[in-house]
Structure formats: C-alpha cells, structure tokens
Amino acid sequence: MKKSLLILPLVLLASALALSACGGGSSSSGGGEEAAIEEAIETAATSSDPSKCSEVQTEFLNDTETGKSGEAALKTCEEEVEEGNDQAEAVTVSKIEIEGEGAAAVVAIEGSALNGQTIAVAMEKEEGDWKLDGFMGFMKYDPAGIAAAIEEQLEEKEASPEVATCVAEGVEEMSEEEAEAMVFEKNSEGLEELLAACNE
C-alpha cells in the first residue's frame, strides 16, 4: 500500500481547528481576551480560507504540521487548505488560561475526523492578535472515534475494506500515549506497522 495512505486528515489537526481571519484582529473584539480566543477557535472549526495559515496560525505551528519550515511550510499549509480538509461542525471552548502573551484552552470537537475528542490547544499573541500555536494532547480520548475516522479515511483513499477495518481495530487498541504520538507528534510508525501487518 502506498505510504500516502498514512497522510490522513486526522493527523492534520490544524485543518480541523486552525484559525481563520474574520475581519480585523480578533483581540479587538468585545468581551476581553477570553472572548477573543473563544471566538477565534470557534471560527476556526469551519474555516477553509488559506489566509489562516499566515494570519491566525504561528510559523511554529505551520512548521510542526507540515514538517517543513518558513515559506515552504506556509505554502504547504495554504495548498492543503485549498485542497479541502475535514472541518469540524462545531467546537466548545472552555478552561481558557492566559499568561502574558500565551494562552491555553480546552476544545471539545463535534464532527470531522476528531468528532467526540477533547483536546488542549496552545495560543500565542502576535502583534495584538491571538494565533493558534500548537496542540498539547487529549483531554478526553475516544479510541473508538479515532479508529472509525481512520477506517473511513483509508476507505476514501481506496484501501480495501478488510485492510481499513484491520488497521482501525489496531488503532482502537493503541494506548492514549501512542495515539497522541500519532496525532500530535506526526509519528506514523504505529500506522506503518499496522498497515504492513494488515497487508500480509
């Protein structure tokens, strides 16, 4: 099976939660800093605007998500957004904590490949605007949901139903730490091993 099957929308978390510009700096909206962060994340859920890669995502996030750096990472991010990625239907933001120019929040996701998951995200304030800076891990992990999403994505990439089911079953048995490595650290080793075993 082609390794491209490992490049799943699931692993591109930024596409599910990456922020999008919504006319002016988000930090200038009413309701204070917490409201600005919440509004930005909620807007992010359904965004398909490539400009979000530069306007509301940090360079660090783009580098991390694409495996490239600088302008190359920005271009790759914009291309991925233009190609269309799995978008959440809605997000619920809670437990926002702000410390200086940094912040963290808990985000529950509805819809998309991360449906039912709750994750922690990091924010960074740059030139007065809050930007998404990274993903810190699961706060509420649903292994069955991750497995179902991967099975669906593999089938969409023309994997056989048998292989897709086999891989999904293996993913569901992963520990939370292994799933975090796959999703947040872009570690595809576990998926590669599962694909190899399921193709035997």
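Visitor: Where is Glu-127 found?

Guide: In this predicted model, Glu-127 is found in the loop between strand 3 (118-126) and strand 4 (129-140). Its backbone has a positive phi of about 50°, although the residue is not a glycine.

Visitor: Is Glu-127 buried or exposed?

Guide: Exposed means over 50% relative accessible area. Glu-127 has a relative accessible area of 84%, so it counts as exposed.

Visitor: Which element holds Lys-95, and what is notable about its phi?

Guide: Lys-95 lies in strand 1 (residues 90-99). Lys-95 is not a glycine, yet it has a positive phi of about 50°. With a relative accessible area of 65%, Lys-95 is exposed.

Visitor: How should one read a pair of aromatic rings?

Guide: Such a pair is described by two quantities, the distance of the centres and the angle of the planes. In this structure the count comes to one aromatic pair. The ring centres of Phe-138 and Tyr-141 are 4.8 Å apart and the planes stand at 40°, so the pair is tilted. Planes under 30 degrees apart would count as stacked, and those over 60 as edge-to-face.

Visitor: Are Phe-138 and Tyr-141 buried or exposed?

Guide: Both Phe-138 and Tyr-141 are buried.

Visitor: Which residues gather in a patch of negative charge on the surface?

Guide: A patch joins like charges within 9 Å, from residues with over 30% relative accessible area and no salt bridge. Here the negative patch on the surface consists of Glu-34, Glu-38, Glu-39 and Glu-42. Of these, Glu-42 lies in helix 2 (residues 32-44). Glu-42 counts as partly exposed because its relative accessibility is 37%.

Notes. Residues are numbered from 1 along each chain as its sequence is written. This is a predicted model: local features need pLDDT of at least 70, side-chain atom pairs count only at pLDDT 80 or more; totals for chains, interfaces and linings use all residues. Side-chain values use heavy atoms; hydrogens and water are left out. Patches are made of residues with over 30% relative accessible area and no salt bridge: like charges are joined within 9 Å, nonpolar side chains (Val, Leu, Ile, Met, Phe, Trp, Tyr) within 5 Å. Accessible areas come from the Shrake-Rupley method with a 1.4 Å probe; for residues, only the protein chains shown count as cover. A salt bridge is a side-chain nitrogen of Lys or Arg within 4 Å of a carboxyl oxygen of Asp or Glu. Lys and Arg count as positive and Asp and Glu as negative; His and the chain ends are not counted. The place of a charge is taken as NZ of Lys, CZ of Arg, CG of Asp or CD of Glu. Helices (H or I, at least four residues) and strands (E, at least two) are DSSP runs, numbered from the N terminus. Buried means under 20% relative accessible area, exposed over 50%, partly exposed in between (1.4 Å probe, protein chains only). Rings of Phe, Tyr and Trp (its six-membered ring) pair if their centres lie within 6.5 Å; planes under 30 degrees apart count as stacked, over 60 as edge-to-face and the rest as tilted.
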